[in-house]
Amino acid sequence: MTVGNQTLVTEFVLTGLTDHPRLQVPLFLVFLIIYFITMAGNLGLIALIWKDPHLHTPMYLFLGSLAFADACASTSVTPKMLVTFLCKDHKTLVVDCFTQFYFFGSSATTECFLLSVMAYDRYVAICNPLLYPVVMSNGRCMQFIYVSYIVGFLHSAIHVGLLVRLSFCKSNIIHYFYCEILQLFKISCTDPTVNVLLVLIFSAFIQGFTFMTIVISYFYVLFAILKTKMEKGRSKAFSTCSAHLLSVSLFYGTLFLMYVRPGSGSGGNNDKMHSLFYTIIIPFLNPFIYSLRNKEVIAALRRKMRK
């Protein structure tokens with residue numbers, strides 16, 4: 001489409017993860033296996049929590065919601081990336097590109113808030129166990145989940161709404177494996193300063209607020225665990241919390257490097273690696289991090305296998 005002397009872009013071209021022909025098929029197979037395991041792990045965990053009455057507690061409702069967010073995040077990115085490995089035509093419509101970012105952005109923001117409420121859940125369970133049934137009832141738990149998803153949808157909608165005002169005429173080539181918002185700013189022929197500033201502000205606030213909630217919650221949890229004289233209770237608390245902290249460290253570390261640090265979004269190989277972690281690797285690892293170290297989940301799985 002032409003406006004004045006400028007030709008506006010209606011399609012983008014994703015260059016993908018690599019341009020080496022010999023790596024295309026091996027990488028396709030690797031990420032196809034990762035995607036299948038990711039979906040089987042996350043959807044299987046959701047089904048197990050839904051089917052087993054013993055897991056109908058706030059902790060596992062949060063975990064099931066996190067698994068759903070992970071499945072959505074991976075699905076918004078991985079299938080399109082797999083196509084680019086095998087197809088020579090890497091074109092994608094502008095509306096499809098914006099839609100991909102919307103669903104991934106919604107899932108990532110939702111995950112930030114779910115991780116923070118999961119940390120708060122552990123704080124109440126370990127530091128105030130007598131108040132836990134009141135503070136963390138199933139109804140209150142569902143309210144936290146609804147708010148997490150609503151905030152995620154609204155946050156992503158704001159950025160997509162601001163993306164619509166941009167026009168793209170410099171180039172239609174995105175040197176990335178998905179429609180990452182900072183890469184879209186680089187090829188915009190409209191000044192994206194407002195967009196970049198809002199991405200920085202929202203990212204810093206959301207990541208800062210949720211991460212500090214997690215840090216403060218686990219600060220109190222750590223002291224409560226150290227005060228516990230029962231070795232069995234201390235071991236169980238450490239096991240549960242260490243799994244959560246491992247997931248949090250991986251997720252927030254890569255998000256912070258991508259969206260908050262100076263010079264983020266430069267589009268180099270380091271940024272691609274950071275993006276791979278929070279789009280594909282972390283959703284793949286989370287079911288194993290939370291399930292293999294959780295005796296109640298393993299016990300529920302064994303009960304289902306016996307039936």
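Is Arg122 buried or exposed in this protein? Hold that thought for a moment, because "buried" here means under 20% relative accessible area, while exposed means over 50% and partly exposed is in between, using a 1.4 Å probe and protein chains only. Arg122 is buried, with a relative accessible area of 14%.

Hi everyone! A word on what we are looking at. This is a predicted model, where local features need pLDDT of at least 70 and side-chain atom pairs count only at pLDDT 80 or more, while totals for chains, interfaces and linings use all residues. Residues are numbered from 1 along each chain as its sequence is written, and side-chain values use heavy atoms, with hydrogens and water left out.

How confident is the predictor? pLDDT is its confidence in each residue, from 0 to 100. The mean for the protein is 86, and 90% of its residues reach 70 or more. Helix α5 has the highest mean pLDDT of the elements, 94, and strand β1 (residues 2-3) the lowest, 48. Over residues 1-5 pLDDT stays under 50. Where pLDDT is low, the predicted coordinates should not be read in detail.

Now the overall picture. There are 10 helices and 5 strands; these are DSSP runs, numbered from the N terminus, with helices being H or I over at least four residues and strands E over at least two. Of the 307 residues, 47% are buried.

Let's go inside. A nonpolar core is a set of buried Ala, Val, Leu, Ile, Met, Phe, Trp, Tyr and Cys residues joined through side-chain atoms within 4.5 Å. The largest one here has 77 residues, and Phe12, Phe31, Phe177, Tyr259 and Tyr278 touch the most other members. Helix α3 (residues 94-127) gives this core its largest share, 14 residues. Contact, by the way, means heavy atoms within 4.5 Å. Leaving out residues up to four places away in sequence, Tyr278 touches several partners, including Phe104, Phe251 and Pro283.

Next, two helices. The expected span of a helix is 1.5 Å times one less than its number of residues. For the 31 residues of α1 that gives 45 Å, and its end C-alpha atoms are 45 Å apart, which agrees. Among the buried residues of α1 are Phe28, Phe31 and Tyr35. Helix α5 (residues 138-164) has 27 residues and reaches 39 Å, close to the 39 Å expected. Its buried residues include Cys141, Tyr149 and His155, and what covers the buried residues of α5 includes α2, α3, α6 and α7.

One residue to find on your screen is Val248, in helix α8 (residues 231-259). Val248 is buried, at 2% relative accessible area. Beyond its neighbours within four places in sequence, Val248 is in contact with Leu115, Phe211, Ile214 and Gly253.

Finally, charges. Side chains of opposite charge can pair when their charged atoms come close. A salt bridge is a side-chain nitrogen of Lys or Arg within 4 Å of a carboxyl oxygen of Asp or Glu, and the count comes to 2. Arg303 pairs with Asp52, with the closest N and O atoms 3.0 Å apart. Arg303 lies in helix α10 and Asp52 in the loop between α1 and α2, so the pair ties together parts 251 residues apart in sequence. Asp52 is buried, at 2%, whereas Arg303 is partly exposed, at 27%.

And our opening residue? Arg122 forms a salt bridge with Asp121, with the closest N and O atoms 2.8 Å apart. Asp121 is buried too, at 1% relative accessibility.

Methods. pLDDT is the predictor's confidence in each residue, from 0 to 100.
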